[in-house]
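Me: I am new to this model and would like help reading it. Can we take it one feature at a time?
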Amino acid sequence: MVKISKFAASTTPYTAGEQPQRKFIKLNTNENPYPPAKECADAAKRFDVGQLKLYPDLAVTRLKRAIAQKEKVREENVFVGNGSDEVLAFAVRAFYDPDGGKVIFPKITYSFYPVYCNLFDVKYGFAENESDFSVDIEKLTGGQGAIIANPNAPTSLSLPLESIERLLEINRDKPVIVDEAYIDFAVNTSSAVPLIERYDNLAVIKTFSKSYSLAGIRCGYMIADERLIKAVETVRDCFNSYPVDSLCQEICVAAVKAERYHKDCVASVIKTRKRVIEELRRRGREVLDSDTNFLFVKGGQSDYLKLKENGILVRWFDAERVRDYTRVTVGSDEEMDTYLKALP
Ligand code: PMP
């Protein structure tokens, strides 16, 4: 038998939600039900395929500028990568050491964090979530840094900005990654990006996959102090000099500029979310207060199976404390009506 690495032979990787070829109502991977902005389609049409003979713009100049303008930061504070997952991976490698103590994150959070730590041999420690799934920030200390998703997945709960600031205080001089994949859907909190002026240990990560409806393009970015950005660039340049392809750069520039459409899409998702939560609660179903584009609904594997039988995919995690829930993406109004109808 051909020898492979012990790592590849023994590691359990992250399992992504299914991408079925059959026609399902897909409420399992927190994609946006609305299409990308028309400006993105225009950018794709304008795109000169002949240009693909060349490598993409290494510095991601125009996209970085557009992101910097939108986020009100300097271009030196922006790093762009192939999806926020990749940015997260680079950040873990760039910020933490195998012999530097644990990186702390909540027990119930995005399950890619322990996977990346394992990949890079970085130790990690879990902070137990409270009985209502909330996170006690004071527990996220004592290691070489912390990672937090705000709002969190799969719980859909968010923490106020003061808690994030406290997290930065209790981890002074240690990098803190704040994963804001869902921040645009939040009404009870706001982005930590303005805090980078005061906290050089803060790295905020965002994505085009959710509120911008561009999960298929694979683009995410980090906003942080220049020193952290440089560290992540060093890791990127040890892996792949060009993670952001030319077409992606054009389409994402168009997406950032289509502000009105972005706002409208987010507003529609928030409106549907409110309606579905109200309806679930009216039926006596427990559902957490969501600050994201998904719901964390009580009712575990049996819901998942029943919904699947009816052509609706939701996410079910067979893990301690969460196995009695499903995570349900907020789809279009029509999709959610079908979901509500099929829900046992
Ligand atoms: N962070 C969180 C909390 C997520 O749920 C996801 C989506 N699975 C990501 C990051 C990664 O998103 P992407 O790689 O598509 O940017």
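Me: Where is Asp173 found?
Reply: The model is predicted, so keep that in mind throughout. Asp173 sits in the loop between H6 and strand E6 (176-179). Look at its backbone too. Phi of Asp173 is near 70 degrees, which is a positive value in a residue other than glycine.

Me: Which peptide bonds are cis, and what is omega there?
Reply: Omega is the angle to read for a peptide bond. A cis bond joins Asn150 and Pro151, with omega about -5 degrees. Another cis bond runs from Ala153 to Pro154, where omega is near 5 degrees.

Me: Where is Pro151 found in the chain?
Reply: Pro151 belongs to the loop between strand E5 (145-149) and helix H6 (161-170). Pro154 is also in the loop between E5 and H6.

Me: Next, the ligand. Which residues are around the ligand?
Reply: Start with a list of neighbours, then look for polar atoms. Around the ligand are Gly83, Ser84, Asp85, Tyr110, Asp179, Ala181, Tyr182, Thr207, Ser209, Lys210 and Arg218.

Me: How do I read the polar atoms of Ser84, Tyr110 and Thr207 at the ligand?
Reply: Check which atom of the ligand is involved, then the distance. For Ser84, an N or O atom of the side chain is 2.7 Å from an oxygen atom of the ligand. Thr207 has a polar side-chain atom 2.6 Å from a ligand oxygen. With Tyr110 the ligand atom is a nitrogen, and it lies 3.2 Å from an N or O atom in the Tyr110 side chain.

Me: Now the overall layout. How is the chain divided into domains?
Reply: A domain may be built from separate stretches of the chain, as domain 1 is here: it takes 6-35 + 260-342. Domain 2 covers 38-258. Taken over C-alpha atoms, the centres of the two domains are 23 Å apart.

Me: How many residues of domain 1 are in contact with domain 2?
Reply: Count both sides. Domain 1 gives 31 residues, and they are in contact with 35 residues of domain 2. Then read the area. About 2600 Å² is buried between the domains, and carbon and sulfur atoms give 61% of that. Tyr14, Asp291 and Arg321 supply 29% of the area that domain 1 buries against domain 2, more than any other three residues.

Me: What polar links does the rule find between domain 1 and domain 2?
Reply: Take charge pairs, then polar contacts. The rule finds 1 salt bridge across the interface. The side chains of Lys107 and Glu320 meet in a salt bridge, at 3.6 Å from N to O. Between the domains, 19 residue pairs are in polar contact.

Me: Which elements give two or more residues to the side of domain 1 that touches domain 2?
Reply: They are helix H9 (259-282), strand E9 (294-298) and strand E11 (325-329). H9 has the largest share of that side, with 7 residues. Sorted by class, the side holds 15 nonpolar, 8 polar and 8 charged residues.

Me: How many salt bridges does the structure hold?
Reply: The structure holds 27 salt bridges. For any one of them, read the distance and then the place of each partner in the sequence. Take Lys308 and Glu18, whose side chains meet at 3.2 Å, N to O.

Me: Why does the pair of Lys308 and Glu18 tie together parts far along the sequence, 290 residues apart?
Reply: Lys308 lies in helix H10 (residues 301-309), while Glu18 is in the loop between helix H1 (6-10) and strand E1 (25-27), so the pair ties together parts that are 290 residues apart in sequence.

Notes:
Residues are numbered from 1 along each chain as its sequence is written. This is a predicted model: local features need pLDDT of at least 70, side-chain atom pairs count only at pLDDT 80 or more; totals for chains, interfaces and linings use all residues. Side-chain values use heavy atoms; hydrogens and water are left out. Domain bounds come from an automatic or database domain assignment. Contact means heavy atoms within 4.5 Å. Buried area is the accessible area (1.4 Å probe) that two parts lose on being put together, summed over both. A salt bridge is a side-chain nitrogen of Lys or Arg within 4 Å of a carboxyl oxygen of Asp or Glu. A polar contact is a pair of N or O atoms within 3.5 Å; within protein, one must be able to donate a hydrogen and the other to accept it, and residues adjacent in sequence count only if both atoms are side-chain atoms. Helices (H or I, at least four residues) and strands (E, at least two) are DSSP runs, numbered from the N terminus. Ala, Val, Leu, Ile, Met, Phe, Trp, Tyr, Cys and Pro count as nonpolar, Asp, Glu, Lys and Arg as charged, and the others, Gly among them, as polar. A residue is near a molecule or strand if one of its heavy atoms lies within 4 Å of it.
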